[in-house]
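The following exercises concern cysteines, a polar residue and nonpolar cores. Please study the sequence and the structure before reading each solution.

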Amino acid sequence: MSTVVDHITGPPRPDASQDRAAAAAPALAGGAPRPMPVAAGERELRLDLFRGLALWLIFIDHLPPNILTWFTIRNYGFSDATEIFIFISGYTAAFVYGRAMLEQGVLVASARILKRVWQIYVAHVFLFTIFLAEISYVATSFENPLYSEEMGILDFLKQPDVTIVQALLLKFRPVNMDVLPLYIVLMLFLPPILWLMLRRADLTLALSVALYAITWEFDLYLSAYPNGVWAFNPYAWQLLFVFGAWCALGGAKRMQHLLKSPITMWISVAYLLAAFWVTLTWYIPQFHHLLPKLIEQWMYPINKTDLDVLRFAHFLALAAITVRFLHKDWPGLKSRWLRPMIMCGQHSLEIFCLGVFLAFAGHFVLAEVAGGAGMHFAISISGILIMCGAAWLLSWYKRMEKSGPRTKSADADFAGGGS
């Protein structure tokens with residue numbers, strides 16, 4: 001029976017280090033069933049594709065409601081692009097750093113993870129600084145204080161010294177800047193999660209579920225400044241992150257028979273249709289009376305902050321359908337039409353930060369210039385094209401860097417993907 005090391009490191013190599021890793025594998029795997037072997041260096045383009053799609057959806061959802069807003073998944077079910085991002089983060093982070101932990105040891109892998117946490121933290125501080133400057137400049141130049149209030153920076157303007165300290169502690173965040181702090185916290189605790197996951201994967205997932213249940217039972221949360229709680233509660237959202245890691249380290253392989261079952265498919269389809277029906281009642285008042293009161297009382301509110309079970313189940317249903325019909329060798333993944341989306345997914349940190357700037361710039365244009373449907377559409381498409389152009393430049397630079405005399409080892413990007 002093979003082990004987790006086959007999935008992480010790929011085909012055996014005729015050297016002593018590989019022999020040592022193979023010898024240690026049974027203890028790390030804890031006797032888990034054989035995971036799917038993945039060749040070293042092989043890139044899962046489906047992850048890049050959906051990560052890029054999530055970036056586009058986040059950008060569109062951060063703009064005022066427009067035509068393209070109706071094409072984002074949050075209008076047709078309980079989950080949205082955030083679930084896609086966090087699941088892929090856990091999956092790819094476990095794949096990249098799990099390999100490092102097996103080949104280089106716990107200490108080196110943990111050091112690499114903490115280095116990445118620092119890089120993400122610096123990116124967050126940089127994004128925070130530039131975003132504040134952008135909002136403050138527009139609000140002052142156009143003498144419109146509503147921008148400061150709408151984007152949540154009034155406390156910064158009143159007490160900049162206190163607010164900056166709170167921002168460095170990840171407690172103060174303007175609007176649309178909640179994803180990076182969540183990812184920083186999840187990555188910060190990745191070393192112990194990954195250490196246990198490589199030894200007792202099912203136990204790790206069970207502990208994650210227990211923490212999720214305790215969070216709901218005892219209302220665990222992290223406080224925000226000046227009041228309130230984190231928009232994405234790490235105590236709850238860790239479940240999706242850990243589940244992604246569990247899937248990467250053999251869980252997906254072990255669930256293949258379940259995912260291929262027609263019963264799973266029809267249950268997923270039925271749940272997605274039911275969720276779609278509920279969302280219709282949000283936008284079409286005439287349908288509201290068709291929703292039974294008992295179901296309504298049980299279901300609402302659908303809590304995004306604490307990752308409501310309905311949201312998690314909706315994501316699982318979407319994932320089950322996607323995995324069933326979109327195979328990793330689908331020729332469309334090599335299509336030039338999907339290449340821009342895949343490139344955005346491969347440079348998610350940079351494209352996410354750019355999307356935050358573009359979303360506020362689009363908001364400003366719609367408020368000060370024109371707010372018609374045509375302008376909405378033009379801004380949405382222009383923003384996506386700019387993001388694709390930036391991703392192309394980053395890909396070109398990476399190719400030039402790799403063709404030089406020095407190359408960098410694989411590391412995890414914003415969503416945990418390997419380079």
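**Exercise 1.** Determine whether C344 is buried or exposed, and why C344 forms no bond with C388.

*Solution.* Step 1: C344 has a relative accessible area of 0% and is therefore buried (buried means under 20% relative accessible area, exposed over 50%, partly exposed in between, with a 1.4 Å probe and protein chains only). Step 2: the closest cysteine sulfur, in C388, lies 4.1 Å from the sulfur of C344, which is too far for a bond. Step 3: a disulfide requires a pair of cysteine sulfur atoms within 2.5 Å, and the whole structure contains 0 disulfides.

The model is predicted: local features need pLDDT of at least 70 and side-chain atom pairs pLDDT 80 or more, whereas totals for chains, interfaces and linings use all residues. Residues are numbered from 1 along each chain as its sequence is written, and side-chain values use heavy atoms, without hydrogens and water.

**Exercise 2.** Describe the surroundings of Q238.

*Solution.* Step 1: Q238 has 9% relative accessibility, so Q238 counts as buried. Step 2: beyond four places in sequence, Q238 touches L186, S208, L211 and Y212 (contact means heavy atoms within 4.5 Å).

**Exercise 3.** Which residues touch the most other members of the largest nonpolar core?

*Solution.* Step 1: a nonpolar core is a set of buried Ala, Val, Leu, Ile, Met, Phe, Trp, Tyr and Cys residues joined through side-chain atoms within 4.5 Å. Step 2: among the 107 residues of the largest core, these are M187 and L194. Step 3: outside four places in sequence, M187 contacts A93, Y97, I113, V117 and F241.
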